[in-house]
Amino acid sequence: MSQSKLFKYGDWGIYVLFIVIVLGLPLVMTDVFWLNRIAKYLVYGMLGIAIALSWGYAGILNLGQGLFFGLGAYMVAMSLKLQSYTSLQQGSENPVPDFMLWNAEPGAPTELCCITSGSWLWLPFQAQGFGMAMAIILPVIVALILSSAIFRLRVSGVYVAIITLALVLLVRLLIIDAQPVTNGFNGLTDLGWLTIGGVEFDPYLVSTYYIVAVSICVVLLATRWLVSTRAGLILQSTRDDPNRSRYLGYDVAAYQVFFFTVSAGIAGFAGMLYVIAAEFASPSFLDISFSISMVVWAAVGGRSSLIGAAIGAILINTIEATASETEMFQEAWKLIIGVIFVLVVLYMPRGLAGLAEDLAGLFGKSRDSGRTRRAQSSAPAE
Amino acid sequence: MVAALTIDGLEVDFGGFKAVNGMSTVINRGELRVVLGPNGAGKTTLMDLISGKTASTAGEVRLFGREITNRPEHQIARAGVGRKFQIPSVFRDLTVRDNLSVAVSHEPRVFRNLRLGMAAADRARIEEVIELTGLEPVLDVVAGDLSHGQMQWLELGMLITQQAKVILLDEPTAGMTQAETSKTADIILRLKGSHTLLVVEHDMAFVRKIAERVTVMHMGKLLAEGPMAKIEQDPAVRDAYLGSGGVQ
């Protein structure tokens, strides 16, 4: 009987290649503008991983992943906003975000505690560590509550998609509506830089790129480990036939809640990194189209492959950036990506990862009969 | 000795229609009990009530003296009840080996399963089950690609791996060829003694091969119980199957 392994069928090669390229990129790409761009796409890659985890492995289609991304982004953006130069220029001892002045009632004191209704919520964010911690904690708590309600009631399939879709829209409205606290539609801009131990991380520095690059590598390996554990295998069983899992004694909802929450935590972490690289947080993170884009990236890359979904997200965004700067493709790009999505769904349900696997199967028949891994591109061993 | 499974006055009311209506029976440890009855007698509903799929409206189910009535399915399963469905229910996208691996469920909690691999004893048990069910040649095939018979054996194998003390089998030979039926009977006979089995079946040749004691249900109630030979001679049972309506 084969022992369980983190990797099998040699697909560790893809992981090594991915990590080497991601970590080695600054050596060949000296254009900091592009490096910063790639950092953002790596963040999207993390979102792809989060989607693959919930959609591919748990069978939970979350159309509202932007909620967790957005929450993570806002949490760290609040801290960075208070570190911004402009926040110190508002005539008070302690930093106060500029937009709060524009939203303040006449005569309100220029202090974070009471300048606008609800501005006190910002008080703990004066500590950058608080914002960074909350960027993961808040999405995790929200996901825990939401998924406990959904999965204990045995809501599944398209209904989960509808609920998450509705929820991300709702929170988006709330954020826009809470103008005095969130700067509403404009989002949080003009942020300070992340500062750790006195070192400032200018988004256009190679070191900032490495924060993101190391993060995605760690997330990739950690999730890979997670789905290779017995818990990961049991999760896949609940995707295939939840009743059978129940009659074997597994509390299906517990597994779904756990992995849904991990996926949300990754999305929150991604939101935090995005703000560090992009220097803004905006309600557009909670747009439906953004959440659906994530699903498209994962589908094209291969939803049942963590690394496939990550590569799908990075590739699509890199091509999109190039294409949308070419005049000819500017308008047509959305159409092109739509057509690619339809073609992938119809003819390549396992995405790029499935394609790569089939090609590898053609060349390496002696190692693997190919019949064994129909539905999973990176099936974990038991 | 405490009985393996005690069903006491079990009843379910589907808006006025009582599919199971005051059913009682006692199944001893290591016994293989076959449940017979015409269509609509309430056999599958009885299994649903025992395994927690459907909530009963009256009565009790006890497993080795412990009450398990109307608990959530996974708790009943953890208490020791394994169930095989009429339509094979296996994890179609997982390989046969992974299916059996998931069936090692003595530690069902999420955080305790955050580890690679499993204990040597569990692996040895899986090997035993593979040998018993003859699934060796298809271990790396995804379960969805198995033949109907192999799928049924896999599901049986999963129940054995699960170490269910009481196994409920709902028409284990439905849709099987003669050869497959015969192999299924062999597997079930080998389980007798070490496991307690409750089998719903229509195939009389198969029933004669495996049955000792037989319970006959009709209109949600116990109609007759006893050794197969005696049951076949029972006039009430004959009437129920012929539908004379003279049973009530």
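**A walk through the helix contacts and cavities**

Let's start where α2(A) and α13(A) cross: the crossing is right-handed (the near helix is turned clockwise from the far one by less than a right angle; anticlockwise would be left-handed). You are looking at a predicted model, where local features need pLDDT of at least 70, side-chain atom pairs count only at pLDDT 80 or more, totals for chains, interfaces and linings use all residues, and side-chain values use heavy atoms, without hydrogens and water. To find your way, residues are numbered from 1 along each chain as its sequence is written, while chains are lettered from A and ligands numbered from 1 in the order written.

**Stop 1: α2(A) with α13(A)**

Select residues 306-323 of chain A to show α13(A), which packs against α2(A) at an angle of about 140°, with the axes 7 Å apart (helices are DSSP runs of H or I, at least four residues; axes are fitted to C-alpha atoms over the stretch in contact, and angles run from 0 to 180 degrees between N-to-C directions). The two are therefore oblique to each other (neither under 35, over 145 nor 65 to 115 degrees). Now show side chains. On the α2(A) side, the residues in contact (heavy atoms within 4.5 Å) include A:Trp34, A:Arg37, A:Tyr41, A:Leu42, A:Gly45, A:Ile49 and A:Tyr57. Facing them from α13(A) are residues including A:Leu306, A:Ala310, A:Ile314, A:Asn317 and A:Thr322. Colour this contact by class and you get 14 nonpolar, five polar and one charged residues (Ala, Val, Leu, Ile, Met, Phe, Trp, Tyr, Cys and Pro are nonpolar; Asp, Glu, Lys and Arg charged; the others polar).

**Stop 2: the largest cavity**

Keep α2(A) on screen, for α2(A) gives the most to the lining of the largest cavity, with four residues. The structure holds four cavities of 30 Å³ or more (1 Å grid points where a 1.4 Å probe fits but cannot get out, lined by residues with an atom within 4 Å), and the largest has about 50 Å³ of space (filled by probe spheres on points joined across faces, edges and corners). Select A:Val32, A:Leu35, A:Asn36, A:Ala39, A:Pro203, A:Tyr204, A:Leu205, A:Thr208, A:Tyr209, A:Val212 and A:Ala277 to see its lining. Two elements give two or more residues each: α2 (32-57) and α8 (206-228) of chain A. What classes of residue line the largest cavity? Nine are nonpolar, two are polar and none is charged.

**Stop 3: α12(A) with α15(A)**

Next, select residues 288-301 and 333-347 of chain A, which are α12 and α15; their axes lie 9 Å apart at an angle of about 50°. This pair is therefore oblique too, but α12(A) passes α15(A) in a left-handed crossing. Show A:Val296, A:Ala299 and A:Val300 in α12(A), which meet A:Ile337, A:Ile340, A:Phe341 and A:Val344 in α15(A). This contact has seven nonpolar residues, with no polar and no charged ones.

**Stop 4: across to chain B**

Finally, bring up α9 (residues 230-240) of chain A and α3 (residues 96-103) of chain B, whose axes come within 10 Å and cross at roughly 105°. They are therefore roughly perpendicular. A:Arg230, A:Leu233, A:Ile234 and A:Ser237 make the contact with B:Asp98, B:Ser101 and B:Val102. By class, that is three nonpolar, two polar and two charged residues.

Leave A:Arg230 selected and add B:Val104, B:His106, B:Glu107, B:Asn113, B:Arg115, B:Met118 and B:Asp122: together they line the second largest cavity. This cavity has about 40 Å³ of space, and its lining has two nonpolar, two polar and four charged residues.

Technical notes: On a 1 Å grid over the protein atoms alone, a cavity is a set of points where a 1.4 Å probe fits but cannot get out, and a pocket is an open set with protein on both sides within 12 Å along at least five of seven lines; lining residues have an atom within 4 Å of a point.
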